[in-house]
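Reader: I would like to understand how descriptive terms are applied to a protein model. May I ask about the terms one by one?

Author: Please do; each answer will set a value beside its definition.

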Amino acid sequence: MARISTPVAVAAAFAGGLAAGRALESPQARFARMAGSTIAGPDAAGWITDFLNAAYFRRPAEERAVEDLRRAFAVLTTSWHRNGGRRLRAADVLPYHRAFGRDRFLSAPRGTLDGGQLLEGAARLHGSWWPEAYADDARRAWGIAFPTAAERDAYRPESRLAGARLGPLTPEIAPRDRQVWHTYPPVAMPSAAGPLGLLTRPETWPDFASEIGRFTPLRAGGLAGQTFEIEVAAGTAAGRPLYTRGYVTITHLATADAPDQLRAYVEDLDAGLRDAGEPDAVPDGASALAAFDLTTHEGHFMGAGHNRLVLYEQDGQAWVRAAGTWDPLPWHLDQAYRRAGRDAQHAFWGQGEVVPQSMLHQLALAVAG
């Protein structure tokens, strides 16, 4: 996903229909209600945007580190958790101002925060334990830092569902010849075991969030049947990120533990891609190691369909590749996609190797350590 103002474009595309009195349960209205964040109320949007700008988007491009953006999100998500799952509100800016305000005033450029200042401010906000806990795999999960491993183990990710708008699953239903099939260039991984280990532990997915997109798991357990909240940002180039969200659930998981099932999965996927004039997800001579579907829920910003991630190995090199199948987009989504969403979607899944924006490139960096 490129640095674009997709939510703004989408809003412009369907605002007229809403103003004209379209039903509140129309697809456009359901999509509009996905704006913002599950963990924060609308009245907190201003100061949260300002905080994320300070940590990342307002800093000079050469000084940005995606890890600092992940830290900033973790500070916010830890606040949500330690407040008992209450959504952050306007008044919550006060402790943030006390914790980070002085550093922002003294920093250069003024109003920004570097990585060290983020950690120091988080220690003032949450406690001296926070920087060490955030760096500890045993105390960081679901994008939250916990004081102890026991508290991490006691956390129930389903608590975030209380603020979610989780509608029914919406797999593609159009005839196959009308569906959109697309595969993205594969992204090299340092090893096969590394990405498989992270991808099959959903609580680690926020650790490889990109500049413009993040997946947060909403259920306990492993990958099979897992539901993710996806948050995507637009307007980042202007330093005014706007967030919208969608939901996907893992509806099919195939691994090398069941080789016949995995082989059938890949054969069916590659046959569909070939029919659409797309390259195979797993090239000739490569060995598939795992594959899974992420099926959309109602209100998803890409409409009805599902994406897939495939891990394979060829000539000793491990690769991860995304491949998606979608119904033709409804008009309010199609307008935004035609303007800029195509480039955005491609960048997020690794096309063009825009490393800060690509979740798969961030996964490779997380594996490399």
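Author: Let us begin with a pocket. In this predicted model, the second largest pocket has a volume of about 440 Å³. Its lining comprises 21 residues, and those closest to its centre are E67, D137, R140, D207 and A366. Two or more lining residues come from each of the elements α4, α7 (130-134), β1 (140-141) and α12 (359-368).

Reader: What makes a residue of the second largest pocket count as nonpolar, polar or charged, and how many are there of each?

Author: The class follows from the residue type: Asp, Glu, Lys and Arg count as charged, whereas Ala, for example, counts as nonpolar. On this basis the lining has 9 nonpolar, 3 polar and 9 charged residues.

Reader: Why is A366 called partly exposed?

Author: Its relative accessible area is 33%. Buried requires under 20% and exposed requires over 50%, so a value in between is called partly exposed. A366 is found in helix α12. Leaving aside neighbours within four places in sequence, A366 is in contact with L198 and F208. The C-alpha atoms of A366 and P195 are 8.5 Å apart in space, although the two are 171 residues apart in sequence.

Reader: How do you know that the length of helix α4 agrees with what is expected?

Author: Helix α4 covers residues 66-82, which is 17 residues. The expected span is 1.5 Å times one less than the number of residues, and for α4 this gives 24 Å. The end C-alpha atoms are 24 Å apart, so the two values agree.

Reader: What makes α4 mostly covered?

Author: Of its 17 residues, 15 are buried, that is, under 20% relative accessible area. After α4 comes G84, whose phi is positive, near 75 degrees.

Reader: Which residues have a positive phi although they are not glycines?

Author: W142 has a positive phi of about 55 degrees and is not a glycine; E353 also has a positive phi of about 55 degrees and is not a glycine. W142 is found in the loop between β1 and β2 (144-145), and E353 in the loop between α11 (331-348) and α12.

Reader: Is W142 called buried or exposed, and why?

Author: W142 has 11% relative accessibility, which is why it counts as buried. E353, at 60%, counts as exposed, because the cut-off for that term is over 50%.

Reader: Why is the pair R86 and D92 called a salt bridge?

Author: The closest N and O atoms of R86 and D92 are 3.1 Å apart. The definition asks for a distance within 4 Å, so the pair qualifies. R86 is partly exposed at 36%, while D92 is buried at 13%.

Reader: What of R139 and E132?

Author: They form a salt bridge, with their closest N and O atoms 3.3 Å apart. R139 is buried, its relative accessible area being 13%, whereas E132 is exposed at 57%.

Reader: What makes R152, D153, R201 and E203 one network?

Author: The side chains of R152 and D153 meet in a salt bridge at 3.5 Å, N to O. Salt bridges that share partners join R152, D153, R201 and E203 into one network. A search of the whole structure finds 21 salt bridges.

Methods:
Residues numbered from 1 in each chain as written. Predicted model: local features only at pLDDT ≥ 70, side-chain atom pairs only at ≥ 80, totals over all residues. Heavy atoms only, no water. Helix = DSSP H or I, 4+ residues; strand = E, 2+ residues; numbered from the N terminus. Buried < 20%, exposed > 50% of the residue type's maximum accessible area, 1.4 Å probe, protein only. 1 Å grid on protein atoms, 1.4 Å probe; cavity = no way out; pocket = protein on both sides within 12 Å on 5 of 7 lines; lining within 4 Å. Points joined across faces, edges and corners; volume = space filled by probe spheres on them. Contact = heavy atoms within 4.5 Å.
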